Amino acid sequence: MPQLISIAGLSVAFSGVPVLRGVDLALQKGEALGLVGESGSGKSVTWLAALGLLPRHAQVSGSVRLDGREILGAPAPELDQVRGGRVAMIFQDPASALNPVLTIRKQLCEALALHRDLQGNAVKAEARRLLDLVGIPDAGRRLEAYPHEFSGGQIQRIMIAMALAGNPDLLIADEPTTALDATIQAQILELLSTVRRELGMAMVLISHDLGVVAENCDRVAVMYAGRIVEEAPSNQLFADPVHPYAQGLIGALPPLDGPRRRLTAIPGTVPDPAHMPSGCAFAPRCTLAAEPCGLSAPSLAPIADGRAVACIRAEASRRALLGIAAE
Amino acid sequence: MGRYFAIRIGRAALTIVLVVTFAFVVLRLSGDPALMILGPEAPPEVLAAFRKAWGLDDPIWFQYLDYFGAIAKGELGRSMRDGRPAIELVLERIPATLALTLPAFAFKIALGIPAGIYAALHRGSAIDRVVMMTAVAGFTVPSFVLALLLVLVFAVQLGWLPSGGQDSWRHAILPIATLSLGGAAVLARFTRSAMLEVLGQPYIRTASAKGVPWRKVVTSHALPNAAIPTVTILGFMVGTLIAGAVVVESVFSWPGVGRLLVVAVANRDLAVVQCILLLVAMTMVTSNLIVDFLYGFLDPRLRAKEGHA
């Protein structure tokens, strides 16, 4: 399958403090990728940086290619065409994601006018169709309403409609359901996977909820302290995580079936970005850490077809998981 | 909606009543008008006759009710100094004051708002720092200091402009400049912080993520939101159009309402002072009402609340 977007060596620093430390990630057309990790691990920053949406004082370096064309540092008019037109993004907090003083029609039609060749009544008709598509009842009348007249779940639906307005090839969903009730959460995820399937759109689902990612994504990348530490097809990652951090994350999930077991927690806390340990950032919390772990940060290396991990103790870690005494 | 504004207007009326009452009480407590106008050497029977003529020997609550009764009938009393209706004295001064405050108001907006927006959009730049330093200076330097400084430079040293009086348009330049600079500084600061607040909101990022060009993000997404707090400050400024130039008019000997107020207070010319205060209270209250209307117009969330009220 042809590559849609590829990110290489993407680094971001805020006033000299690195928050993203060389991210490599590629996505194929129509693929659904999950991006998981704790808050502050760089999941959202990766995509905000890729689309040039970070504040100006952020220092960004690396490469982001969309269909082979470099978009990092591209001129503003070109980026404006990419944003919303090729790559759309929806955000976490529905309450503040829409402009409170503009009607839904204004905000939706704005996106349509920017990316679609529609005139006059066709714009409004398309806006109505999109609202229908995302399940906002009485779309014609609701177009004239303001954001505060909708619930959080409805706003997230409108955000999805707005994201779809430009017929994007890729939708970045940044914790789209974190601020919503569990039942609404399920509806929004259902909606996302339906539109994705129907429109053949690729999707990046950023979440700290492993369950959400497991259900909705083909492939998962685990981030820790500004780096990707493991990448694998979803089913394989959940069945057989290799990186000790990924193991820790999955070990902290209650199993749905099988005997009840004690949930494990990862000891310690995420390192402060201003005082990163030399070498592997996870080493201070890692039960398998050995002396070489502190020397240099391991790079993401393939271990099997479609799988990669950034850990020099990967083999030991795998054996430990399988219950084989390490060495 | 109707009830909402009925409540607002009721509150506005109450504010005016309170202001007038306060002025009445303070002025009556602070000295005897008969003594102030006729002088301490006046014979007692003249003082008594003066008090009787102006109703100053009636019980204070009676004077108060009498005063309100007269206001209700549209009579604001007569000046104790020359016997002319107070309202006439005040009204004939208003054009002179507006000749300073209206152009100053326009300059404040024309200078302050663009400077604030520019500073917010180029936060941390050299221009931002210059704008903010100027704004802090304009904010903290009292208008009489600024006025004297301008006189010193442009009238005394350079001799370009007159230092006081009202003979030509050139006489208006320094007073207008004094009023404009301070106000523009206040406005620039508020506009800047309102803009910065709005630019940090998630919906601005949403608009950018949609592919809206930055210029349009600023004009159609940020400005309408930043207008809401800015309108509050503008409302205060409209409220000071009548009596906001007291100090400046005094420094530049400009015969406006502000000067009249200073003279009337010094002379305990009760009717005139009360008339001016009533006028000021009414401008303030009216401009607040206008601001309330504008809020409803600018912010659909408030419209909704009004609908339920």
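Two strands are taken to pair if DSSP finds at least two bridges between them. The structure described here is a predicted model, and the account below begins with the larger-numbered strands of chain A.

Strand 7 (residues 170-174) and strand 8 (residues 202-207) of chain A pair in the parallel sense, over 5 bridges. Within this pairing, A173(A) has L205(A) of strand 8 as its bridge partner. Between the two strands the chain passes through helix 8 (residues 182-199) of chain A, and the resulting β-α-β crossover is right-handed. Strand 8 of chain A also runs parallel to strand 3 (residues 32-36) of chain A, to which 5 bridges join it. Here L205(A) is the bridge partner of G34(A). L205(A) is thus a bridge partner of A173(A) and of G34(A).

Strand 8 of chain A is mostly covered, with 6 of its 6 residues buried. In a regular strand, side chains alternate between the two faces of the sheet. In strand 8 of chain A, A202(A), V204(A) and I206(A) point one way, while M203(A), L205(A) and S207(A) point the other way, and all are buried.

These strands belong to an open sheet of 8 strands in chain A, with the order 6-7-8-3-9-10-12-11 and mixed pairing. Strand 6 (87-90) and strand 11 (301-304) of chain A stand at the edges; each has a single partner strand, so one side of each is left without a neighbour in the sheet. On average, neighbouring strands of this sheet are turned by 25 degrees against each other, direction ignored.

Further along the order, strand 9 (residues 219-224) and strand 10 (residues 227-233) of chain A run antiparallel and are joined by 6 bridges. In this pair M223(A) stands opposite I228(A) of strand 10. The two strands form a hairpin with 2 residues between them. A225(A) lies in the loop of this hairpin, between strand 9 and strand 10 of chain A. Most residues other than glycine have a negative phi. The phi of A225(A), however, is positive, near 45 degrees. A225(A) counts as buried because it has 25 C-beta neighbours inside 10 Å, the cut-off for a buried residue being 20 or more.

Strand 10 of chain A is mostly covered, as 6 of its 7 residues are buried. Strand 10 of chain A also pairs with strand 12 (residues 307-309) of chain A in the antiparallel sense, over 2 bridges, and E231(A) stands opposite A308(A) of strand 12. Strand 12 of chain A is in turn paired with strand 11 of chain A, again antiparallel, over 3 bridges. In that pairing A304(A) stands opposite R307(A).

Helices lie across this sheet. Helix 7 (residues 152-164) of chain A lies across strand 6 and strand 7, running at about 170 degrees to strand 6 of chain A. Helix 11 (residues 244-251) of chain A lies across strand 9 and strand 10, at about 105 degrees to strand 9 of chain A.

Chain A also contains an open sheet of 4 strands, in the order 2-1-4-5, with antiparallel pairing. Its edges are strand 2 (17-28) and strand 5 (69-70) of chain A, each with a single partner strand, so one side of each has no neighbour in the sheet. Helix 1 (residues 43-50) of chain A packs on this sheet and touches strand 1, strand 2 and strand 4 (58-66); its direction makes about 105 degrees with that of strand 1 of chain A. Strand 1 (residues 3-14) and strand 2 of chain A pair over 9 bridges in the antiparallel sense, and S11(A) has R21(A) of strand 2 as its bridge partner.

The loop between strand 1 and strand 2 of chain A holds S15(A). The phi of S15(A) is also positive, near 40 degrees, in a residue other than glycine. S15(A) is exposed because 8 other C-beta atoms lie within 10 Å, where the cut-off for an exposed residue is 12 or fewer.

Between the chains, 25 residues of chain A are in contact with 21 residues of chain B. On the side of chain A that touches chain B, helix 2 (76-82), helix 3 (94-97) and helix 4 (104-115) of chain A each supply at least two residues. The largest share, 4 residues, comes from helix 4 of chain A. By class, this side of chain A has 13 nonpolar, 8 polar and 4 charged residues.

In chain B, helix 13 (residues 270-298) has 29 residues and reaches 41 Å from its first C-alpha to its last, close to the 42 Å expected at 1.5 Å a residue. The buried residues of helix 13 of chain B include L270(B), V273(B), I276(B), V280(B) and M284(B).

Definitions and conventions:
Residues numbered from 1 in each chain as written. Chains lettered and ligands numbered in written order. Predicted model: local features only at pLDDT ≥ 70, side-chain atom pairs only at ≥ 80, totals over all residues. Contact = placed C-beta atoms within 7 Å. Axes fitted to C-alpha atoms, helices over the stretch in contact; angles between N-to-C directions. Expected span 1.5 Å × (residues − 1). Nonpolar A, V, L, I, M, F, W, Y, C, P; charged D, E, K, R; others polar. Right-handed = clockwise from strand over helix to strand, strands pointing away.
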